[in-house]
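Reader: I should be grateful for a close look at a single part of this structure, namely the place where the ligand sits. Please explain what surrounds the ligand there.

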Amino acid sequence: MLTGLNIAVIGGDARQLEVIRKLVELDGKLYLVGFDQLDHGFTGAIKSKLEEVPFHEIDTIILPVPGTALDGHIDTVFSNEEIVLTEELLEQTPDHCQIYSGISNDYLNQLVLKTNRKLTQLFERDDIAIYNSIPTVEGTIMMVIQHTDFTIHGSNIMVLGLGRVGMSVARTFSHLGAHVRVGARKSKDLARITEMGLKPFHLNELEDEVSDVDVVLNTIPYPIVNAKAISKMPSHTLIVDLASKPGGTDFRYAEKRGIKAILAPGLPGIVAPKTAGQILANVLAQLLFEQLEDGKETS
Ligand code: NAP
């Protein structure tokens, strides 16, 4: 149980509701900032304005998946309140206060550095990234179905990258009956692709591999799907770029060539916000148990 842990949940979208539900269930004391338009009340959780939160008692701050904007603003879909996380606010928290977000940026990194607080980026964790790859794959299937007039079964699908998303995407499209080839740069990844029964190729050979490809699914956050590669693709090829913004595709050139290329960020939150929220909630609960245990040991 999280009895005795004071938690401020600041901003967010539908995913955060699952986090709140779980932490309330575990008896954490929650202050909810940016949820005033939420009809649902969580028993034991207190809806607050930012300035009403007793930051000197807060052990844990949970930010939304994107963390803050580059000017410190925190997005919420449940309020019009303007919420800005500042150095002054963080300095009010006890030294042991820990902050959790999905990802970070320069602003948030600087803030935790200046205030000497610990920030955990949940999306950097393998467990979250692997669980999240499940709704990501389902969203990818949805995108491919919506934007093609042929079946996935029997089509030539190229997956770029064999990381946590790439592996799930490659395996699932193969199970749907596609002919899947996967591009990677490490020999151990090429070996794994072979072991999975898929066709491997080295990324250096990308241009030679695209001449008969129906769909390209990119998971590499680096400009890999460049003009040279796009120029050799059939005109009906669909590119779905899953890599984080700005993606790894030369979208300008794809458009010029009349090739449909779509940047598809945030699929878990779009196709399965409840599951995406539960993934975050379960891992967060585990981390907070550990935080509570560590606190007991050091006190
Ligand atoms: P990951 O496990 O780190 O995998 C990244 C892959 O990209 C690895 O195969 C890596 O190969 C390769 N790569 C990185 N830089 C490269 C470069 N310069 N040249 C060649 N290959 C390179 O990441 P992930 O968890 O699979 O996530 C992949 C991307 O999808 C990220 O940008 C992530 O933010 C995004 N994502 C998007 C969604 C969505 O809804 N669209 C959902 C989840 C994640 P090496 O091992 O050789 O470096």
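Author: In this predicted model, the ligand occupies the largest pocket. Two elements each give two or more residues to the shell around the ligand: helix H5, which spans residues 164-175, and helix H10, which spans residues 267-271. The shell comprises 21 residues, of which Val165, Arg185, Lys186, Ala264 and Leu267 come nearest to the ligand.

Several polar contacts can be described atom by atom. Leu267 places a backbone N or O atom 2.7 Å from an oxygen atom of the ligand. For Ala264, a backbone N or O atom lies 2.7 Å from a nitrogen atom of the ligand. Leu242 also takes part through its backbone, with a polar atom 3.0 Å from a ligand nitrogen. As for the extent of covering, the ligand taken alone exposes 920 Å², and the protein buries 75% of that.

Two of these residues lead to another position in the chain. Leu242 and Leu267 are both touched by Thr140, which also touches Phe173 and Leu217, when residues up to four places away in sequence are not counted. Thr140 belongs to helix H4, which covers residues 126-146. Is Thr140 buried or exposed? Thr140 counts as buried because its relative accessibility is 0%, and the term buried applies under 20%. Thus Leu267 has a backbone atom 2.7 Å from a ligand oxygen and is also in contact with Thr140.

How values were computed. Residues are numbered from 1 along each chain as its sequence is written. This is a predicted model: local features need pLDDT of at least 70, side-chain atom pairs count only at pLDDT 80 or more; totals for chains, interfaces and linings use all residues. Side-chain values use heavy atoms; hydrogens and water are left out. Helices (H or I, at least four residues) and strands (E, at least two) are DSSP runs, numbered from the N terminus. Buried means under 20% relative accessible area, exposed over 50%, partly exposed in between (1.4 Å probe, protein chains only). Contact means heavy atoms within 4.5 Å. A residue is near a molecule or strand if one of its heavy atoms lies within 4 Å of it. A polar contact is a pair of N or O atoms within 3.5 Å; within protein, one must be able to donate a hydrogen and the other to accept it, and residues adjacent in sequence count only if both atoms are side-chain atoms. Accessible areas come from the Shrake-Rupley method with a 1.4 Å probe; for residues, only the protein chains shown count as cover. On a 1 Å grid over the protein atoms alone, a cavity is a set of points where a 1.4 Å probe fits but cannot get out, and a pocket is an open set with protein on both sides within 12 Å along at least five of seven lines; lining residues have an atom within 4 Å of a point. A molecule sits in a cavity or pocket if more than half of its atoms lie within 2 Å of its grid points.
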